[in-house]
Amino acid sequence: MSISKILNSLDKSWERDDILLNIKKGLGTDKIVNEFLVKNERKIKELNSLLRPEDIDLLNQVEQLSTCESKLINEIKNLNYLRNNENHHVLNQKNIMPSNRVSLNKISSFMINWSNKFVVIALLTISAIALSKQAWA
C-alpha cells in the first residue's frame with residue numbers, strides 16, 4: 001500500500017467530530033489516542049516502515065504546528081477568561097449584559113479548518129515527494 005493511501009485511510013479513521021463527541025462524553029485524550037493506535041496498528045506500522053528521514057522531519061514540523069496551535073488556543077482561552085472576568089466585574093458594577101460575544105463554535109471551526117488544511121497539504125507534500133522519488137529511481 002502506498003503512503004498516500006495509508007494516510008488517507010488513517011485520516012478517515014481520525015474523525016474529528018467523533019473525537020470531540022468522545023471528549024464531551026468524558027473520554028481522556030490518552031484513551032482516545034490509544035484506541036486509535038490499536039484500531040490502526042497495522043496501517044501505522046506499514047506507514048512507519050515507508051517513511052524516510054525527510055518525511056520524519058515533516059512530521060516533526062507538523063507536530064510543532066500542532067503544539068503552536070495548542071498554545072494559541074490556550075492563549076485565546078486565557079484572554080477570553082481575562083476579558084470575561086473584566087466584563088463580569090463591569091457587569092456587577094453597571095448591571096448590564098454585553099451585547100457582542102464571539103461564538104466559541106466559530107473559533108473552534110476556524111482552528112479545525114485551519115489545522116486540517118495544513119495537515120492535508122503536508123500529507124500531499126509527503127506523497128508528492130515519495131512519488132517523485134519513485135519516478136526518478
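**Confidence, salt bridges and a pocket in a predicted model**

Helix H6 (residues 104-136) has the lowest mean pLDDT among the elements of the chain, 65, and H3 the highest, 92. Here pLDDT is the predictor's confidence in each residue, from 0 to 100; helices are DSSP runs (H or I, at least four residues) numbered from the N terminus. The model is predicted: local features need pLDDT of at least 70, side-chain atom pairs count only at pLDDT 80 or more, and totals for chains, interfaces and linings use all residues. Residues are numbered from 1 along each chain as its sequence is written, and side-chain values use heavy atoms, with hydrogens and water left out. The chain averages a pLDDT of 77, and 59% of the residues score at least 70.

Four salt bridges are present (a side-chain nitrogen of Lys or Arg within 4 Å of a carboxyl oxygen of Asp or Glu). Glu41 pairs with Lys45, with closest N and O atoms 3.1 Å apart. Both lie in helix H4 (residues 41-50), four residues apart. Glu46 forms a salt bridge with Arg42 at 3.7 Å between the closest N and O atoms. This pair also lies in H4, about one turn of the helix apart. Asp55 bridges to Arg52, the closest N and O atoms being 3.1 Å apart. Both residues are buried (under 20% relative accessible area, 1.4 Å probe, protein chains only). A network of salt bridges links Arg52, Glu54 and Asp55.

Helix H3 (29-39) and helix H2 (16-24) each supply at least two lining residues of the second largest pocket. H3 gives the largest share, four residues. A pocket is an open set of points on a 1 Å grid over the protein atoms alone, where a 1.4 Å probe fits, with protein on both sides within 12 Å along at least five of seven lines; lining residues have an atom within 4 Å of a point.

How values were computed: Buried < 20%, exposed > 50% of the residue type's maximum accessible area, 1.4 Å probe, protein only.
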